Amino acid sequence: MHMDDSSDDENQSFDEFQSLHVGTPLLHSPNLSVKLNCNVFYKMENIQPSGSVKMRGIGNFCYRTVQTRGTDVQFVCGSGMNTVLAVSYCSRQLGTEALIVVPKATDDRICDTIRNDGSQLILYGDDWSASEAHARKLVRRNGIYVPSSDHSHMWQGYSTIVHEIKTQLHDTPPAAIICPVGGGGLLNGVIMGLQEVEWKEVPVIAVETHGSNSFQSSVVAGKVVSLPKTSTIASSLAVKSVSSKSLELSLAHPVVPFAVSDAMAADAVRLFAEDSKMIVEPASGTGLSLCYTKIIRDIMPSLTPSSDVVVLVTGGSDITLDQLDEYRKKYTSPPVVVKSGSEVFLKMDNSLTNVRDVNMDDPSSTDVQMALNI
């Protein structure tokens with residue numbers, strides 16, 4: 001969002017905060033636009049300084065903290081790879097201390113990035129839940145724990161994405177915004193931003209994987225549901241329960257919860273890399289997969305050649321070239337198995353078929369077997 005150069009306090013603070021995250025391009029995708037017969041745009045959050053859209057939410061949280069408490073604070077975090085990378089970067093930019101906890105098996109390049117920011121790094125535990133629990137115990141007098149997504153300052157930071165999109169689309173509302181969902185922070189900010197710019201009818205397609213569909217489960221149940229476990233390659237979405245604010249906002253704004261398979265997300269990562277020459281993690285691939293599989297046309301049959309669809313390319317650092325090669329070998333052109341609400345669908349003969357309408361007596365159908373294993 002472009003601000004004028006007026007010097008009142010509000011604009012000054014906003015401009016300083018802007019220096020933490022960057023405005024990102026809205027790129028037209030010729031390949032997907034032709035494939036889907038509508039205008040597909042990528043909102044390129046993968047180019048944020050910390051590598052993911054987390055920069056917007058964490059940036060605002062850290063900035064607001066320093067605004068009220070000064071720089072004599074220590075940000076403490078163990079809440080996931082993209083979160084800790086954003087906290088580490090913000091801490092360096094704001095001149096504060098940071099204590100970062102990551103699992104013992106974390107890639108050396110990620111560890112080097114955190115250390116180069118000047119953060120204190122502790123390797124602890126086998127997974128992020130262990131790292132987070134340990135990090136929370138290390139918060140001292142001037143320490144502030146930075147959560148992954150459940151804070152109003154983070155949602156406010158994420159809402160800036162919609163203000164940018166509004167300017168980039170010349171005030172023309174898109175037909176839909178496709179948004180990956182983990183803890184719900186980005187979803188909350190997007191909905192709040194849409195409400196702020198009076199785009200109250202623009203639907204948000206909220207995408208998860210089958211193994212981490214806490215938001216979808218909560219919408220179906222009408223209350224926040226905590227999954228007994230998560231199982232997904234999209235590590236940034238592996239959250240057992242979504243923010244209660246997400247459920248509240250989904251009742252006040254059109255939101256379509258959708259779940260895709262890990263294989264679909266991984267294949268979309270590969271296809272996006274081939275198309276754009278950029279690598280994103282599988283969490284980003286969830287949203288992209290709705291376009292590459294053409295499922296978005298099944299969700300929104302009324303799309304026309306003049307319709308604009310915005311995909312939030314959330315980025316993320318939980319991806320390596322070796323993993324990309326593995327996805328290419330393991331997941332190329334997987335069966336399309338999606339879940340909407342409590343219904344499971346297969347894409348067969350170029351149309352979506354409800355699983356209950358499929359002949360389950362055909363043992364050769366790997367699509368059916370996959371669907372039953374969701």
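Let's start with serine 119 and its surroundings. Leaving aside residues up to four places away in sequence, serine 119 touches Ser88, Ala98, Ile100 and Ile114. With one of these there is also a polar contact: the side chains of serine 119 and serine 88 come to 2.9 Å. Keep in mind, please, that this is a predicted model. Where along the chain does serine 119 sit? You'll find serine 119 in the loop between helix H5, residues 108-116, and strand E5, residues 120-123. And is serine 119 buried or exposed? Its relative accessible area is 9%, and the cut-off for buried is under 20%, so serine 119 counts as buried.

That loop takes us to a sheet. Four strands make up an open sheet, and their order is E5-E4-E3-E6, with parallel pairing. Which strands stand at the edges? Those are E5 and E6, the latter covering residues 143-145. Each has a single partner strand, so one side of each has no neighbour in the sheet. On average, neighbouring strands here are turned by 20 degrees against each other, if we ignore direction. As a reminder for anyone new to sheets, strands pair through backbone hydrogen bonds, in either a parallel or an antiparallel way.

Let's look at one pairing in detail. Strand E3, residues 74-77, runs parallel to E6, and three bridges join the two. If you want a spot to click on, glutamine 74 stands opposite glycine 143 in E6.

Now for the helices that pack on this sheet. Helix H4, residues 81-94, touches E3 and strand E4, which covers 97-102. The direction of H4 makes about 165 degrees with that of E4. Helix H5, the one before our serine loop, packs on the sheet as well, touching E4 and E5. Between the directions of H5 and E5 the angle is about 150 degrees.

Next, a histidine. Histidine 134 has its place in helix H6, residues 128-137. With a relative accessibility of 19%, and buried meaning under 20%, histidine 134 counts as buried. What does histidine 134 touch, not counting residues up to four places away in sequence? The answer is Val101, Ile122 and Tyr124. Histidine 134 and cysteine 77 are 57 residues apart along the chain, and their C-alpha atoms are separated by 9.5 Å.

Let's move along the chain to helix H11, residues 262-276. How far apart should its ends be? At 1.5 Å a residue, 15 residues should span 21 Å, and the end C-alpha atoms are indeed 21 Å apart, which agrees. H11 is mostly covered, with eleven of its 15 residues buried. Among them are Met264, Val269, Arg270 and Phe272. Just after H11 comes lysine 277, which takes a positive phi of about 60 degrees.

For contrast, here is an exposed residue. Leucine 321 lies in helix H14, residues 321-331, and at 61% relative accessibility it counts as exposed. Its C-alpha atom is separated by 8.4 Å from that of isoleucine 279, with their positions 42 residues apart along the chain.

Finally, let's step back to the protein as a whole. It has 15 helices and 13 strands. Of its 374 residues, 56% count as buried. Among contacts between residues at least 6 apart in sequence, 71% join residues at least 24 apart. The protein exposes about 16000 Å², and carbon and sulfur atoms supply 48% of that. Thanks for listening!

Terms used: Residues are numbered from 1 along each chain as its sequence is written. This is a predicted model: local features need pLDDT of at least 70, side-chain atom pairs count only at pLDDT 80 or more; totals for chains, interfaces and linings use all residues. Side-chain values use heavy atoms; hydrogens and water are left out. The expected span of a helix is 1.5 Å times one less than its number of residues. Buried means under 20% relative accessible area, exposed over 50%, partly exposed in between (1.4 Å probe, protein chains only). Contact means heavy atoms within 4.5 Å. Accessible areas come from the Shrake-Rupley method with a 1.4 Å probe; for residues, only the protein chains shown count as cover. A polar contact is a pair of N or O atoms within 3.5 Å; within protein, one must be able to donate a hydrogen and the other to accept it, and residues adjacent in sequence count only if both atoms are side-chain atoms. Two strands pair if DSSP finds at least two bridges between them. Axes are lines fitted to C-alpha atoms, for helices over the stretch in contact, and angles run from 0 to 180 degrees between N-to-C directions.
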